[in-house]
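Colleague: I've got this one open on my screen, and I'd like to know what stands behind the labels. Can you take me through them?

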Amino acid sequence: MRRLALLVGGLVVLVGLWAFGARVTTAQVHSNDADIALVDNCDPATFNATRPLCTQTPHKLDTTFAEFQALLFSQLAANIIGHPAWQFSPGYISIRAGQTVRAINAGGEDHTFTEVAAFGGGLVPPLNGVNGPAGTVPLVPAPACSSSTIVPSGETVQVAGLAPGVHKFQCCIHPWMRAVVDVEH
Ligand SMILES: [Cu+2]
């Protein structure tokens, strides 16, 4: 229950920060846009047992909360690995300067698509490894996560005006969801 309490606390903080976010806006579809899907496989029946976390989608999502928790940590070391069905896909794209990146939440849970200077933890302590197995070193939240914007299930955001070079994006709820956007010079 302690983990659940922390989770709720983290989500409250996250919702409180919803309104902020720099170059992320709701999307207008342009054929030239590059797409990254934010995906998960949350089973509504078990994820919503204590509070609504998982939206029913047309595609049946069926990873139970217990299955999600079982794959949060590596079996080889006390590292956060996260369930592999929670991911940014693809995890790397190369775009031309001036192209817009669209991040589409194709899963059932809330996610964020937040640019960070370096990959780090998110805003939900248990998902950073707090209270994890003995020996776990919790991830330190990425500073940019303090002003991240939630992308609800079924919604899309676009990120425009990325400078040439390498940009890192992560989910500030599930910090193993990551992607690199390489903007051509
Ligand atoms: Cu996420």
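Modeller: Sure. One cut-off to start with: two residues are in contact if their C-beta atoms, placed from the backbone, lie within 7 Å. By that rule, and leaving aside neighbours within four places in sequence, N79 is in contact with F73 and S74. Keep in mind that this is a predicted model.

Colleague: What makes N79 partly exposed?

Modeller: A residue is buried with 20 or more other C-beta atoms within 10 Å and exposed with 12 or fewer. N79 has 17 such neighbours inside 10 Å, so it counts as partly exposed. N79 sits in the loop between α3 (65-70) and β3. N79 and P133 are 54 residues apart in sequence, with 8.8 Å between their C-alpha atoms.

Colleague: And why is N131 called exposed?

Modeller: N131 has 12 C-beta neighbours inside 10 Å, and the limit for exposed is 12 or fewer, so N131 counts as exposed. You'll find N131 in the loop between β7 and β8.

Colleague: What is there to say about phi of N131?

Modeller: Phi of N131 is near 65°, a positive value in a residue other than glycine. Most residues other than glycine have a negative phi, and most peptide bonds are trans. On the peptide side, the bond joining S89 and P90 is cis, with omega about 0°. P90 belongs to the loop between β3 and β4.

Colleague: How do you know that β2 and β5 pair?

Modeller: Two strands pair if DSSP finds at least two bridges between them. β2 and β5 are joined by 5 bridges, so they pair, and they run parallel. In that pairing, A37 stands opposite I104 in β5. β2 also pairs with β3 (residues 87-89), over 3 bridges and in the antiparallel sense. There, F88 in β3 is the bridge partner of L38.

Colleague: What makes the pairing mixed in the sheet β4-β11-β10-β7?

Modeller: Those 4 strands form an open sheet in that order. Take the pairs in turn:
- β4 and β11 (residues 178-183) run parallel, joined by 4 bridges, with I93 opposite V181.
- β11 and β10 run antiparallel, joined by 6 bridges, with F169 opposite A179.
- β10 (residues 165-170) and β7 run antiparallel, joined by 3 bridges, with T114 opposite Q170.

Parallel and antiparallel pairs both occur, and the pairing is mixed.

Colleague: Why are β4 and β7 said to stand at the edges?

Modeller: Count their partners: β4 (92-95) and β7 (114-116) each have a single partner strand, so one side of each is left without a neighbour in the sheet. From one strand to the next, the twist averages 30°.

Colleague: What makes a group of residues a nonpolar core?

Modeller: The members have to be buried residues of the nonpolar kinds, joined through C-beta atoms within 7 Å. The largest such core here has 29 residues. Those with the most contacts inside it are L38, F88, A103, F113, V151, I173 and M177. The elements that give two or more residues to this core are β2 (34-39), β5 (101-105), β8 (150-151), β9 (156-159) and β11. β11 supplies the largest share, 3 residues.

Colleague: Which residues is A103 in contact with?

Modeller: Setting aside its neighbours within four places in sequence, A103 is in contact with I36, L38, F113, V151, T156, V157 and V159. L38, F113 and V151 are also among the core residues with the most contacts.

Colleague: What about the chain as a whole?

Modeller: The chain comes to 3 helices and 11 strands. Of its 185 residues, 35% count as buried. Among contacts between residues at least 6 apart in sequence, 73% join residues at least 24 apart.

Colleague: How confident is the predictor, by pLDDT?

Modeller: The chain averages a pLDDT of 87, on a scale from 0 to 100, and 83% of the residues score at least 70. Over residues 1-23, pLDDT stays under 50. The model has 32 contacts beyond four places in sequence for that stretch.

Methods:
Residues numbered from 1 in each chain as written. Predicted model: local features only at pLDDT ≥ 70, side-chain atom pairs only at ≥ 80, totals over all residues. Axes fitted to C-alpha atoms, helices over the stretch in contact; angles between N-to-C directions.
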